[in-house]
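Please follow the chains below alongside the text, which moves from one helix to the contact between chains and then to single residues with unusual backbone geometry.

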Amino acid sequence: MTGRDVYIRSAASALPGPPLDNAALAERFGMDALWQQWVDVFIGTASRHLALDLDSGKLTVSLADLAEEAGRTALDRAGLAPGQVDAVVLGTATPDRLMPATVNVVADRLGIDGVRSFQLQSGCSGAVQALDVAQQLLRSGSARTVLVLGGDVIARFYDLDTDLRATAPAELVNYVLFGDAAGAAVVSTEPGPGAVSVRALFTRLVGLGREPGAVLEWFGPADRDSDRPAATEDYKAIEKHVPAMAGEVLEELLDGLGWAREDVDLLLPPQLSGRMTRLITEGLGLPDAEAVSCVDDAGNCGNAIVFLQLERALARLAGGRRAVGISIESSKWLKAGFALEGS
Amino acid sequence: MKTVDDFVTLLRDELALPVTADDLGRGLDTVESWDSVHLLALCTVLERETGRSLPLADVLEASSLKDVYLLAVAP
């Protein structure tokens, strides 16, 4: 580290189509009022956006479409041109294709060329991992401005012909937890209007010897007829471990910065589901902090989550207010967190 | 589904819950692997089998599998 300060100058998001509420999903899958009530009570997510036409079953937009929109908006908000970007980093669990990397497709569309680009294969902490890569590039002095992107399109995992009445619990929850989105942030060593300072940011793999909490498969010609499910979630492991891990991340951030709990003005909590996020937020014990959540309206949108939260949080940090963000990835278990301070 | 035995068969076959008729009166929190997703799956199967809707608010009052069964077969 060189001691260079790192700033988030802007954040943006892109969501496909109108929000789909639980009634719309219930109708499409032929589920009744009880199912809808169950989602409201136990999942607590009111709506999500899907890159999917529920009538035709066709995908409507790609990850590149969404990331391009978010990236362009973030650059506009930062007042920067594509030529001023020194590197592009994208985190996603669901690239449009295995090759070419979606990050390079997005860079091309934005008119960014001749710079380093990286794509991380990542889950719910992917935004923080991408910000971590950007932070290292900036602190090393090899870049002044990095466009950081993250997003997921899980719509392709929706089987609209499935009978949810006969779907195993580990697959069933995927139909109501997630949403599609992309997000972006412009991160720089040069502050601009409205920029916030990154006071701390870390990611850490803690998956040694642990079974995955979530699995997404991909298939090729040799195994496309496999009967293994495309998406499963060990929701019990997630319910058990994520709240505790979130608490550990908070403690580590506060201890490292010497901040007291009362110093935190905004909390960006993990976005598992409306219900789980509320439980985790209450458990973290930050009575003065306003929670910045998007899961109620946008679902758990994977690698886009933190960018959606940042977009809502940045303006609220003016005047030296402080924020803590926590992100837990349950696929192979990562802890991630960051602390921000407004100028 | 009409009898308690039908109900147990359904729990074992459709929900993969390793229960017997003796387990039906136990508190739901003591049923192995029981959770809210199983609750949904059970209610969904019961609605399919009985052709009647089950209000979630009533099901949430159930403290045992037997309570759920009685709700499903109530006249």
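Just after helix α8 of chain A, the residue A:Gly258 takes a positive phi of about 70 degrees. The model is a predicted one, and the helix that precedes this glycine is a convenient place to begin reading it. Helix α8 of chain A covers residues 235-257, 23 residues in total, and its first and last C-alpha atoms are 33 Å apart, close to the 33 Å expected at 1.5 Å a residue. The helix nevertheless bends by about 30 degrees at A:His241, and a proline, A:Pro243, follows within four residues.

Several side chains of this helix belong to buried residues, namely A:Tyr235, A:Ile238, A:Val242, A:Met245, A:Ala246, A:Val249, A:Leu250 and A:Leu253. Within chain A, the buried residues of α8(A) pack against β8 (196-205), β10 (231-233), α9 (274-284), β13 and β14, and they also pack against α2 of chain B.

That last partner leads to the contact between the two chains, to which chain A and chain B contribute 14 residues each. On the side of chain B that touches chain A, α2(B) gives the most, with ten residues. By class, this side of chain B has seven nonpolar, four polar and three charged residues.

A second helix of chain A also meets α2(B). Two packed helices are described by the angle between their axes and the distance between the axes. For helix α2 of chain A (residues 33-43) and α2(B), the axes come within 10 Å and cross at roughly 170 degrees. Because angles over 145 degrees count as roughly antiparallel, α2(A) is roughly antiparallel to α2(B). From α2(A) the contact is made by A:Leu34, A:Trp35, A:Trp38 and A:Phe42, and from α2(B) by B:Ser36, B:Leu40, B:Cys43, B:Thr44 and B:Glu47. The residues of this contact divide into six nonpolar, two polar and one charged.

In the loop between α2 and β3 (47-48) of chain A lies A:Thr45. Is this threonine buried or exposed? A:Thr45 is buried, because 26 other C-beta atoms lie within 10 Å, where 20 or more are required. Leaving aside residues up to four places away in sequence, A:Thr45 touches A:Val176, A:Leu177, A:Ser273, A:Gly274, A:Val295, A:Asp296 and A:Gly299. By contrast, the C-alpha atoms of A:Thr45 and A:Ser226, which are 181 residues apart along the chain, are separated by 31 Å.

The remaining points concern the backbone. Most residues other than glycine have a negative phi, and most peptide bonds are trans. A:Trp333, in the loop between β13 (322-329) and β14 (334-342) of chain A, has a phi near 70 degrees, a positive value in a residue other than glycine. This tryptophan is buried, with 24 other C-beta atoms within 10 Å, and the two strands that flank its loop are among the elements against which the buried residues of α8(A) pack.

In chain B, a positive phi near 55 degrees is found at B:Ala16, again a residue other than glycine. B:Ala16 sits in the loop between α1 (4-14) and α2 (36-50) of chain B, and counts as exposed because 12 other C-beta atoms lie within 10 Å, the cut-off being 12 or fewer. Finally, the peptide bond joining A:Met99 and A:Pro100 is cis, with omega about -10 degrees, and A:Pro100 is placed in the loop between β4 (87-92) and α4 (102-110) of chain A.

Definitions and conventions
Residues numbered from 1 in each chain as written. Chains lettered and ligands numbered in written order. Predicted model: local features only at pLDDT ≥ 70, side-chain atom pairs only at ≥ 80, totals over all residues. Axes fitted to C-alpha atoms, helices over the stretch in contact; angles between N-to-C directions. Parallel < 35°, antiparallel > 145°, perpendicular 65-115°, else oblique. Contact = placed C-beta atoms within 7 Å. Nonpolar A, V, L, I, M, F, W, Y, C, P; charged D, E, K, R; others polar. Expected span 1.5 Å × (residues − 1). Bend = angle between axes of the 7 residues up to and from the residue.
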